[in-house]
Amino acid sequence: MMNHAAPFLSLEHITVRYLDKTLFTGLNWAINTGEQWAITGPGGSGKSALLNTITGKFNVINGSIHYHFSDTYRQQHTITDPYFSYRNLIAHIGHHHAFRNKSNITTDFYYQQRFNSMDAEDAPTVREYLEGDGDTPLLQPLRIAPLLNKELIKLSNGETRRVMIAKALLQNPVLLMLDNPYSGLDIQARKDFSEMVNKIIDNGTTVILVTSPTEIPENITHVLTLDEGQITGKYIREEYLTLPIPETKIHTNIDEEKLRALVKPVIPQFDTIIRMKQVKVQYGEHLILDDVNWIVKPNEKWALLGHNGAGKSTLLSLITGDNPQAYSNELYLFDRKRGSGESIWDIKRKIGFVSPELHQYFKAGSNCLQVVVSGFYDIIGSTRAGSPEQLEHAASWMDILGIADHMKLPFKGVPESVQRLTLLARALVKEPPLLIFDEPCQGLDVQQKEHFKQVIDTLCNIMDLTLIFVTHYQEEIPSAVTKVLKLEKGRSIH
């Protein structure tokens, strides 16, 4: 019989620093063999940082972490690798992928590459990345088989997450750590994923996952709650589920007068923002979009819905000018047929785009104000300095969105909710006729989602905005949205 009280991992009075910031002070937490933990807490409370600390990415300057599972493993296995450590036994899946090209081993996939068949050939396929067929029984709930011959950069957000999880599982880790694994997954994929987590646990792997209080797989036995770098509770699952759900206190005080003063009155420029007629997109045998018809008029607010891989990202890429197949289709953007002499920059100038994926295209050193200013240049990841007027205008938007005090802080170091509002300010600085939000609430907690939604609704009340909003969660859709386009296996259902 296994002794369930045997220690698995213990964090003893640890103080942790990263860059020049103290993240945890005197933190204690012990996990016993057989326990499975979920970590919950508001955005910025330290959940991801705790996982990074356990993997050894952050400096423990006081106290210690004991990886008892590594000692046990050493006792039970003959290890010949002199560099073997506890790290070999941990698989950690964060928010953002770090895929590499075949040719120059870089993680800098630029955004348009996904839709350019020439560039995509430089990206490994899922089969190459997984170094095998990825079709073990454990991976079946991830539905990897249909993705095996796809290039990594052609994957949708949700498909990318499934492949990252598959890669981690193929390492047979003793400890699997998942950071917000449900974000970007559609309803069916979330169900499948929960079942898979339960199977992984049944197979003897210990799981720690960061998740929202409402998405805790059944086989999780314990819950840790965090707030501002402090542990606020350690519960067994049943006890945690009886707790009242924390109330969401939302204060959206966008200064409407300031906003009205900042935005220029819109002179109606376009009769139609988007018109698609029988649009088809195909890569080899893969038919991604099939006979899509869609008209978007100025000032309309649309939700774009559909399962992972339904074709949403590809549809957006036609609108943002990133997909060369736009030219072989009957597609009008801002009253002009694609291919009638307008450049990709003419299109990009008229669109503001927000997506959690954009996070990975900015250089590590950029501060939040630089990211907002880059919105004037339509190049994702641009670090041009910006004119004094542009800097002032960008700062005004940050002030209106309540993130002015983050201007000089590194974009990659601020909480996820601040990053998302920074990307929103980046999309708004040029007051574009069209705003596209691709799963903008990914990784935000309940309060931050509500706040983001209210910010959007306030902006829609005051400004003439045409909006396309993509999400897998009904409750994230702003009230301003009144129209829906649903994609199912590449076909449009109004």
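**Notebook: a sheet and two helices**

I began with strand β3 (residues 37-40), which pairs with strand β7 (residues 206-210) in the parallel sense over three bridges. The model I am reading is a predicted one. For a single pair of residues I looked up A38, whose bridge partner in β7 is L209.

Next I looked at the sheet around these strands. It is open, has six strands and shows mixed pairing. I wrote down the order as β5-β6-β7-β3-β8-β9. I then looked up the edges, and they are β5 (90-93) and β9 (230-236), each of which pairs on one side only. On average, neighbouring strands of this sheet are turned by 15° against each other, direction ignored.

Then I turned to the helices on the sheet. Helix α6 (residues 187-202) lies across β6 and β7. I noted its angle to β7 as about 145°. Helix α1 lies across β3, β5, β6 (175-179), β7 and β8 (222-227). I noted that α1 runs at about 150° to β6.

I asked myself why helix α1 (residues 47-54) is largely enclosed by the rest of the structure. The reason is burial: seven of its eight residues are buried, so α1 is largely enclosed. Buried here means under 20% relative accessible area. I listed the buried residues of α1 as K47, A49, L50, L51, N52, T53 and I54.

My last entry concerns the stretch just after α1. There I found G56, which takes a positive phi of about 90°.

Key
Residues numbered from 1 in each chain as written. Predicted model: local features only at pLDDT ≥ 70, side-chain atom pairs only at ≥ 80, totals over all residues. Heavy atoms only, no water. Buried < 20%, exposed > 50% of the residue type's maximum accessible area, 1.4 Å probe, protein only. Helix = DSSP H or I, 4+ residues; strand = E, 2+ residues; numbered from the N terminus. Pairing = 2+ DSSP bridges. Axes fitted to C-alpha atoms, helices over the stretch in contact; angles between N-to-C directions. Contact = heavy atoms within 4.5 Å.
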